[in-house]
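Please walk through this structure in the viewer with a short tour of selections. Each stop says what to select and what is found there.

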Amino acid sequence: MTNPRHVAPHAAAAPEAGAFFRVRAASEVLAAPLSAEDCALQSMPDASPVKWHLAHTSWFFETFVLTPHARDYAPLDPSYRMLFNSYYNAVGDQYPRPERGLLSRPSLAEVRAYRAHVDSAMRDLFITGIPRAVRPIIALGLNHEQQHQELMLTDVKHLLARNPLRPQYTPGWPLTPVTPRRKAWIDYAGGLTEFGHDGEGFAFDNEGPRHRAYVAPFALASHPVTNGEFAAFIDDDGYRRPEFWLSAGWDDAQQQQWDAPLYWSRSEGRWRTFTLHGEADIDPHASVTHVSYYEADAFARWSGARLATEFEWELAARDQAPAGNFVESGALHPLATRDAGPANAPAQLFGDVWEWTQSAYLPYPGYHAAPGAIGEYNGKFMSGQMVLRGGSCATPRSHIRATYRNFFPPSARWQFSGIRLARDA
């Protein structure tokens with residue numbers, strides 16, 4: 001069987017083919033520094049082995065594109081339908097998420113053979129012709145794989161941090177000190193305006209429908225909260241002062257014994273953090289990351305401010321190009337702001353860290369989930385989650401836009417999640 005990683009994108013006729021092979025190759029690049037053992041392990045129930053991510057993203061194309069639309073397609077192994085199903089109840093049974101690290105079989109080599117099998121069949125489908133109705137599903141699958149590329153990095157970071165040897169995912173430390181941007185507040189008049197995706201280009205269903213909402217006048221911080229600012233919160237006993245915390249957050253902080261962001265530790269009086277490049281001193285001017293919504297909210301209260309709503313964030317971001325420190329930079333860690341930038345525009349809205357908002361993840365007015373199993377992608381999670389905006393240093397650049405709505409439970413810390421303050425005008 002021909003390995004599609006060695007097939008030039010122009011060998012396929014459909015315009016989607018080039019994007020398909022680029023995204024698929026990017027997943028392989030992210031897995032390349034890892035051993036088979038690295039790819040098999042699972043450090044906690046919320047994370048998944050890299051091997052599982054590689055298989056599940058192939059399962060998506062097999063299940064939703066090839067099986068229903070490719071003539072004479074034969075699955076490589078029928079058992080994969082259950083093993084690599086994440087949460088699609090309409091498709092059938094799933095292997096328990098907390099136990100994915102127990103799947104020593106299939107091997108990493110077999111998972112890569114599965115990817116090659118799916119990619120070869122997709123290449124044939126591109127050449128023979130893609131039905132119009134299938135093109136949105138392929139676009140969804142590619143964006144789905146980009147989400148899993150970010151999860152591969154955050155999950156392997158959590159895994160390597162559990163190793164007392166503190167191993168590096170990739171060697172070298174690419175970050176250098178920079179002149180920090182002076183903190184400022186940027187005012188917005190607010191008003192009644194439209195939010196959500198306008199229909200141009202790809203978007204997830206939870207980004208629409210476009211609708212009108214009122215935003216009161218507000219101010220937004222010029223840049224995300226830094227490590228140095230968060231260290232001041234710690235030094236002021238922020239983790240031991242319940243007046244700053246939501247009740248559920250206080251309970252989690254006490255039960256989990258939080259006293260600093262995830263991966264921080266003190267060494268000889270200095271704060272250090274674990275990164276994908278290994279242990280390093282924190283940069284006081286870089287954006288703080290790996291904090292939960294509860295920590296972000298407590299810091300905002302301690303600061304005499306609050307978190308932005310997702311509509312305030314989108315209003316501030318809608319006229320900015322999604323440029324910043326994304327996975328393509330190779331930093332794989334938040335960077336400090338390198339220049340002042342326009343005085344009337346916030347810096348680092350895109351990339352570096354996902355920014356918690358105070359908005360619950362709920363459907364927009366008029367939202368309806370798609371029929372069938374695809375409808376389980378976003379809609380069924382619209383309970384108990386908070387919205388984050390902007391992307392991170394592990395997000396692919398082409399994956400993000402101003403209307404993008406990420407969501408996680410308020411206690412989640414292993415993602416590159418950070419803080420930007422807001423306040424009423």
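The tour covers a predicted model and visits a loop residue, the helix after it and a separate helix.

**Stop 1: the loop residue.** Select Ser287, which sits in the loop between β7 (278–281) and α9 (293–302). Is Ser287 buried or exposed? Its relative accessibility is 4%, and because buried means under 20%, Ser287 counts as buried. Now show what surrounds Ser287, leaving out neighbours within four places in sequence: the contacts are Pro224, Val225, Thr226, Asn227, Pro334, Leu335, Gln348 and Val353.

**Stop 2: the helix after the loop.** Move along the chain to α9 (293–302), which follows the loop that holds Ser287. Of the 10 residues of α9, 8 are buried, so the helix is largely enclosed by the rest of the structure. To see which they are, select Tyr293, Tyr294, Glu295, Ala296, Asp297, Ala298, Phe299 and Ala300. Then add the elements that cover these buried residues, which include the helices α7 (227–235) and α8 (247–255). The strands β8 (306–307), β9 (354–360), β10 (386–389) and β13 (421–424) are also among the covering elements. Just after α9, select Gly304 and check the backbone: phi is positive there, at about 75°.

**Stop 3: a kinked helix.** Select α3, residues 50–69, a helix of 20 residues. From its first C-alpha to its last, α3 reaches 28 Å, close to the 28 Å expected at 1.5 Å a residue. Where is the kink in α3 centred? Centre the view on Glu62, where α3 has a kink of about 40°. With 17 of its 20 residues buried, α3 is largely enclosed by the rest of the structure.

Methods. Residues are numbered from 1 along each chain as its sequence is written. This is a predicted model: local features need pLDDT of at least 70, side-chain atom pairs count only at pLDDT 80 or more; totals for chains, interfaces and linings use all residues. Side-chain values use heavy atoms; hydrogens and water are left out. Helices (H or I, at least four residues) and strands (E, at least two) are DSSP runs, numbered from the N terminus. Buried means under 20% relative accessible area, exposed over 50%, partly exposed in between (1.4 Å probe, protein chains only). Contact means heavy atoms within 4.5 Å. The expected span of a helix is 1.5 Å times one less than its number of residues. The bend at a residue is the angle between axes fitted to the seven residues ending there and the seven starting there.
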